[in-house]
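Visitor: I'd like a close look at one part of this thing: how its helices pack against each other. Could you walk me through that slowly, cut-offs included?

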Amino acid sequence: MATVMAATAAERVVLEEEFRWLLHDEVHAVLKQLQDILKEASLRFTLPGSGTEGPAKQENFILGSCGTDQVKGVLTLQGDALSQADVNLKMPRNNQLLHFAFREDKQWKLQQIQDARNHVSQAIYLLTSRDQSYQFKTGAEVLKLMDAVMLQLTRARNRLTTPATLTLPEIAASGLTRMFAPALPSDLLVNVYINLNKLCLTVYQLHALQPNSTKNFRPAGGAVLHSLGAMLDPLTAHSEWGSQRLEVSHVHKVECVIPWLNDALVYFTVSLQLCQQLKDKISVFSSYWSYRPF
Amino acid sequence: MRTSLQAVALWGQKAPPHSITAIMITDDQRTIVTGSQEGQLCLWNLSRELKISAKELLFGHSASVTCLARARDFSKQPYIVSAAENGEMCVWNVTNGQCVEKATLPYRHTAICYYHCSFRMTGEGWLLCCGEYQDVLIIDAKTLAVVHSFRSSQFPDWINCMCIVHSMRIQEDSLLVVSVAGELKVWDLSSSINSIQEKQDVYEKESKFLESLNCQTIRFCTYTERLLLVVFSKCWKVYDYCDFSLLLTEVSRNGQFFAGGEVIAAHRILIWTEDGHSYIYQLLNRWAQMGAAYKTFSGLSKSIYPADGRVLKETIYPHLLCSTSVQENKSHPFVMGYMNERKEPFYKVLFSGEVSGRITLWHIPDVPVSKFDGSPRDIPVTATWTLQDNFDKHDTVSQSIIDYFSGLKDGAGTAVVTSSEYIPSLDKLICGCEDGTIIITQALNAAKARLLEGGSLVKDSPPHKVLKGHHQSVTSLLYPHGLSSKLDQSWMLSGDLESCVILWDIFTEEILHKFFLEAGPVTSLLMSPEKFKLRGEQIICCVCSDHSVALLHLEGKSCLLHARKHLFPVRMIKWHPVENFLIVGCADDSVYIWEIETGTLERHETGERARIILNCCDDSQLVKSVFPIASETLNHKGVEQRSSSPYQLGPLPCPGLQVESSCKVTDAKFCPRPFNVLPVKTKWSNVGFHILLFDLENLVELLLPTPLSDVDSSSSFYGGEVLRRAKSTVEKKTLTLRKSKTACGPLSAEALAKPVTESLAQGDNTIKFSEENDGIKRQKKMKVSKKLQPKPSRKVDASLTIDTAKLFLSCLLPWGVDKALDYLCIKHLNILKLQGPISLGLASNEDNFSLMLPGWDLCNTEMTKDYSGVNLFSRKVLDLSDKYTATLPNQVGIPRGLENNCDSLQESNTIVYLLSRLFLVNKLVNMPLELACRVGSSFRMECVHNKVRSAGNDILNMSSFYSCLRNGKNESQVPEADLSLLKLISCWRDQSVQVTEAIQAVLLAEIQQHMKSLGEIPVNSQPVSMAENGNCEMKQMLPKLEWTEELELQCIRNTLPLQTPVSLVKHDSNSNSANFQDVEDMPDRCVLEESESPGEPRHHSWIAKVCPCKVS
């Protein structure tokens, strides 16, 4: 037993030396690496005021689906806002072509991109506040910092990977429907969101349920993408439906990959792993001197 | 029932970590409030001499606290609001530490401002919140419901900081905010109240881009009503409020980050940094110094309306007057604030909180001046304090529960407990220590040795075992039998830092097997649910800190599977019994599915798929989820012990189902215990402490029926029961659920299959009670009792119960107030004095409770010096006690069933009487609150209007309930005089007297009364030792037999007066609650009473079993 203790005493000296190296050098190296990655990620979001003066550049995305060409959309993204949108819809019945566009004076903020961007900048802020000159005293300090950074990164990622689940009336009531220049016909609902690295546009066509319909009326709950036949209560926004209940008759979903979102997601995943690895390194040492807050 | 649960914290030598993330001083400058990363709030007492001392720790948030703010006009109601990282919001009463309101919203706030406009607003005002969402949210300060929001028409974005500007000049309140993108926005506040209340959108009045990022603070100078101070992380700027023109920019030097600032006087500002430094600047006017020609512009206050705002531009510059700093070696970030004096004795105080938990105060002089040579003066630190300082200062009361034993073991220092587990069925506390030993001790004895003074008999008696097998700190413990009765009662598992898991026999102290996992520290040990079996056995799941999961088979003494592929910490373990899958959910929201038989990784999913997999597991079978730091949740949900609460945290998909299922099981099978130990561990450290839980109601129940049990326990017990039912009809369902949950240990709470036999420990009455309360479960009852009978019951250790009662009384008694009284208590009640003031816990609702910290007694500023070191909860107690004594009729003393009985019988009688009294008080003080929060405000209004009537009802209930209690003591008549007492107590609750205060006051008064009557009797009996207790109790039962007839008669008499209050209250609650159908209960009870009648012989046999046990 005594020899064991002696061995561990010698071991301890080495370990403490290693731990000091970890705190003073390795941690900063990882933090630097993390900062670089996240700066790269935030560049993708074109943070306003972060060096790039003037309005953010506009990018056009042509949205389509591989199956049909009934809906085509050209969306223009300016930073985190949709500045222009052109939607062409071929009506399934009469092949009539409908065209809608955004009003010139309006922009539609994509909340998901804004939130993700803000979370990333918060993470960067957390990292920059402990620059090279800052000396970490304890491992717990590093763990706490990593936890805070990881929280922001996870939220940033989740914001992009989990679009809001909205009910049909919520979609109808959202400001997006009021953005279009020839106002949207009352039987159309439009929603735009980000899912992972894709910009998605969904168009729902509604028709009134026959009052004597045998179908059980059950209003659809919240969903990212509502399916055919989802029912909803009369929309207060569109009075012409009266008190008739509605049903989704057609669902069109078109999407387009935003390349820089893909990059950003990869950066998030990589930095999350880096954070976790650093945490693991710290906790290895915790085993050796559990008696003090490592 | 939860309200009868009293908690006593046994702190260790180390203070729990408290990494301050938010700090504020209340408006009366008496209390500092801090919020921590661990999720607790701490109340610190600030004396008039600016001395700090920690008072209370408030538990309630399960995530890091993000901000604190005032929640009411502080002079009227001392309420503050706290918000956490996960969207939880709590409103706390700062004076008593109770949570007043709680809500969880899907918003993360980073700043909150309280706004109230008395002449335009009804209600308690608004909380204006900003955070990780667009624009400003308006939340009702009373209900915490979202009222509306202030919207921005231009560049909606997250808001970083805000301030409310009350301008006397224009008679309009405005809200100024700065967004993350650096956009300053202004909303009209007072003139838009109506629009907001009508849910109309209110857009900003003005906005301006400030061209800097990371805004930390925006402050309006109320002295000049002209300047606006905006602090960014890299610079601070002064703007002209009239046209938002920039007057001054000061960029940070040597890489400091600014964290905030305040205008402390006209043209004088205070700026602080993230590393704890602060600077006071005088804003000087260049022109004023240039000559008299510009005298007109010399002071901004004098020239409120200069012709041109630009005149001011470039004319002011800052001059550093003073600075404050902290010593080196400080952890940052600091959170700081500044508090100005409002009235005479108050100070200008700059305060800061650190991640390390340290609070520092600087007293800022009224007129800060620089040194004579013009260099900045350094303002010294006025006070600084940490939680640990409290613990060091009051070290007699801050020892951990087993310090005494570890002290015995080796004289050199005490061992740090790194993990502990309480086994309710054996009343054993297992503590794993940092040096690898495991100490098993009788929990009650350990608590007594720790809390009570002197009594060497206590210290000598507790037998404890020391298990030696680990070479490293023991990190986790598991008692499988507590989870599943099928497993051997002697087995206990422990895991250490070197990932060695040992299977012990706790009775023989043998090592049965050692598993070497080679996977880093064992973070938690779990058991598969009852449903899930492999080779006929439930298996143990062992989560290690290298994110691996090992499955151990105890019978086979083998390791079945070691899943090592996880990249992130394991958050959740689920079992798929049909397909033999182990589903592991990780912190990055990915899911790994392992096939247990073959040990292969079947699937790995991330994102949406992973979520679906975890969700669908939830409803398909019984699942168990785990967190490596489940302790964190224990912290918060601890006292209530919601059965699966340790496992629901944060982003868990849908714990609802899980809770339900386990609740049901526990409900049916668990009974409350009078005494319980709850080990608590905190996040990011191995510091732990224990909480003792006393269930007053259960204690009374256990003690009370004993003397009557052979007579007719059911009817008289029911008498009380009926009343209690009547009183609690409104809360009935929840009551049972919670009641049964309250007192089970963390282990047992999780146990889905605790044997019915175990619960017999409570005696039949308890089972009857809990079952009866819940009418639906009635049928099960018979089954339960059938199952009960064949098995030999674990004896109801009456001496254990009475010991618990004594310890409980010791904890509550205001020792040291009256030395003579202390002596009498020790002598006649045979209870021991406390070593020092105890740290009491107070639960304010399901999720929130507060714990006193060592040294809390010195915080009561109104307490005179004579009472320091005295276990007096507040000064008020003495007054209350006097009032109570005054109302106490002389003839009603402590009932003594027999005039010439032996002392110990009297002693136990007295204890029972005292406890029942306390229970009554507890009930009375608590009830209206519960009623109010359940039935809603309408009822409360009614209550207020018909105060007399409702109070009357309560009193009727109580008096007859009380008479029932009395019955047990052979006093049949309803004491009319007691009505006044009950009135008094119900008065207290209207005066918002705390439960603990009321309880202590009543206890003090009753004891004084009792001792007064005793004082006349010559004291000739020796103190009776604990061991004799049992004997005496048996004697106590014998004479009772003779009273049978008499008592029966009384019971009949009793039933008559009983009916009235019942119907009264029934009517009351029926009219108020739609949820609970009281009508159904009536037949239920009848049936029950019938079904209980065969219970009588059972009691006889039960006593026959108990009695020999006691004698032996």
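Guide: Here's the helix packing, one pair at a time.

A bit of housekeeping: this is a predicted model, where local features need pLDDT of at least 70 and side-chain atom pairs count only at pLDDT 80 or more, while totals for chains, interfaces and linings use all residues. Residues are numbered from 1 along each chain as its sequence is written, chains are lettered from A and ligands numbered from 1 in the order in which they are written, and side-chain values use heavy atoms, with hydrogens and water left out.

Start with chain A, whose assignment gives domain 1 (2-43 + 112-161 + 261-287) and domain 2 (58-109 + 163-257); such bounds come from an automatic or database domain assignment. The C-alpha centres of these two domains of chain A sit 42 Å apart. Between them, nine residues of domain 1 of chain A touch ten residues of domain 2 of chain A, where contact means heavy atoms within 4.5 Å.

Now the helices, which are DSSP runs (H or I, at least four residues) numbered from the N terminus. Two packed helices are described by the angle between their axes and the distance between the axes. The axes are lines fitted to C-alpha atoms over the stretch in contact, and angles run from 0 to 180 degrees between N-to-C directions.

Take H2(A), residues 111-128, and H3(A): their axes come within 8 Å and cross at roughly 165°. The pair is therefore roughly antiparallel; the scheme calls angles under 35 degrees roughly parallel, over 145 roughly antiparallel, 65 to 115 roughly perpendicular and the rest oblique. H2(A) passes H3(A) in a left-handed crossing, meaning that the near helix is turned anticlockwise from the far one by less than a right angle (clockwise would be right-handed). On the H2(A) side the contact residues include A:Ala116, A:Val120, A:Ala123 and A:Leu127, and on the H3(A) side A:Leu145, A:Val149, A:Leu153 and A:Ala156 are among them. By class the contact has twelve nonpolar, five polar and three charged residues. Here Ala, Val, Leu, Ile, Met, Phe, Trp, Tyr, Cys and Pro count as nonpolar, Asp, Glu, Lys and Arg as charged, and the others, Gly among them, as polar.

H3(A), residues 139-161, has another partner: H5(A), residues 259-286, at about 155° with axes 9 Å apart. Those two are therefore roughly antiparallel, and their crossing is left-handed. Their contact has 15 nonpolar, six polar and three charged residues.

Over in chain B, H10(B) (residues 696-703) packs on H17(B) (residues 798-812) at about 135°, with axes 10 Å apart. That makes H10(B) oblique to H17(B), in a left-handed crossing. H10(B) brings B:Leu696, B:Leu699, B:Leu702 and B:Leu703, while H17(B) offers B:Thr801, B:Ile802, B:Thr804, B:Ala805 and B:Phe808. That contact comes out as seven nonpolar, two polar and no charged residues.
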